[in-house]
Amino acid sequence: MSSQSSRVLGGGCTLDVAITGDQYAALQKFVAAISARNREVLSERFLVPVDVIDEIFEAISDYFDEGVVLTVPMTGMAAIPGDSRPPVDAYRANAETVIVDCVLFADGIPDEAILHVEFLDDSDRLHYRYVGS
């Protein structure tokens with residue numbers, strides 16, 4: 001097992017399951033593509049349909065001003081001061097699917113928006129679900 005595919009420290013997860021380093025990297029790349037409004041990466045790397053990309057950008061614009069840099073919490077971040085929710089919450093929906101709820105950071109500051117994605121077959125194949133709070 002490579003260091004990239006080893007389990008990420010569960011500090012930021014409510015440890016039903018910890019996501020792998022590869023999954024965390026995919027999550028980072030996905031959020032970076034959203035932040036940059038990069039339709040090409042979302043479409044080609046993450047196979048997000050055009051209408052869903054539009055939905056993502058619309059949801060993001062409800063929470064953030066244009067130009068804000070969106071990121072995910074640092075690996076191993078156990079808590080957000082003053083907030084009871086974990087910054088990254090991962091759990092199994094079934095034997096093949098890991099659901100991840102991730103607090104989005106705006107310019108390095110945690111925000112109310114939460115990105116909901118899933119990984120299939122313990123792979124780094126990320127599938128967008130929705131952005132909510």
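**Figure 1. The loop residue D121.** D121 is located in the loop that links strand 4 and strand 5. In this predicted model, D121 has a relative accessibility of 48% and therefore counts as partly exposed, since the exposed class begins only over 50%. The side chain of D121 forms a polar contact, at 2.6 Å, with the side chain of R125. The view also includes T97, which is 24 residues away from D121 along the chain. The C-alpha atoms of D121 and T97 are nevertheless separated by 6.1 Å.

**Figure 2. S35 and its surroundings.** S35 belongs to helix 1. Its relative accessible area is 16%, and S35 is therefore buried, the limit being under 20%. A polar atom of the S35 side chain lies 2.9 Å from the backbone nitrogen of L70. Apart from neighbours within four places in sequence, S35 is in contact with V68, V69 and L70.

**Figure 3. Helix 3 and its two faces.** Helix 3 has 14 residues, which at 1.5 Å a residue should span 20 Å. The end C-alpha atoms of helix 3 are 21 Å apart, in agreement with that expectation. Which residues of helix 3 are buried? They include I53, I56, F57, A59 and I60. These residues cover an arc of only 160° around the axis, so they lie on the same side of helix 3. The face turned away from this buried side carries the exposed residues D51, E58 and D62. Among the elements that cover the buried residues of helix 3 are helix 1, helix 2, strand 1 (70–71), strand 3 and strand 5.

**Figure 4. The largest nonpolar core.** This core has 35 residues. F30, L42, V100 and L115 are those with the most contacts inside the core. At least two core residues are supplied by each of helix 1 (21–35), helix 3 (50–63), strand 2 (88–94), strand 3 (97–106), strand 4 (109–120) and strand 5 (126–132). Helix 1 gives the most, with seven residues.

**Figure 5. Contacts of V100.** V100 is one of the residues with the most contacts inside the largest nonpolar core. Which residues does V100 touch, not counting residues up to four places away in sequence? They are I19, L27, V88, D89, A90, L115, H116, V117 and F119. Of these, L115 is also among the residues with the most contacts inside the core.

**Figure 6. The whole chain as context for the close-up views.** The protein chain contains three helices and five strands. Read along the sequence, these elements follow the pattern α-α-α-β-β-β-β-β. The chain has 133 residues, of which 44% count as buried. Of the contacts with a separation of 6 or more, 47% are between residues 24 or more positions apart.

**Figure 7. Confidence along the predicted chain.** The mean pLDDT of the protein chain is 84, and 81% of its residues reach 70 or more. Among the elements, helix 2 (residues 39–44) has the highest mean pLDDT, 97, and strand 2 has the lowest, 87. Over residues 1–15 the pLDDT is below 50. Beyond near neighbours in sequence, this stretch has 39 contacts in the model. Where pLDDT is low, the predicted coordinates should not be read in detail.

Technical notes: Residues are numbered from 1 along each chain as its sequence is written. This is a predicted model: local features need pLDDT of at least 70, side-chain atom pairs count only at pLDDT 80 or more; totals for chains, interfaces and linings use all residues. Side-chain values use heavy atoms; hydrogens and water are left out. A nonpolar core is a set of buried Ala, Val, Leu, Ile, Met, Phe, Trp, Tyr and Cys residues joined through side-chain atoms within 4.5 Å. Buried means under 20% relative accessible area, exposed over 50%, partly exposed in between (1.4 Å probe, protein chains only). Helices (H or I, at least four residues) and strands (E, at least two) are DSSP runs, numbered from the N terminus. Contact means heavy atoms within 4.5 Å. pLDDT is the predictor's confidence in each residue, from 0 to 100. A polar contact is a pair of N or O atoms within 3.5 Å; within protein, one must be able to donate a hydrogen and the other to accept it, and residues adjacent in sequence count only if both atoms are side-chain atoms. The expected span of a helix is 1.5 Å times one less than its number of residues. The arc is that of the directions from the helix axis to the C-beta atoms.
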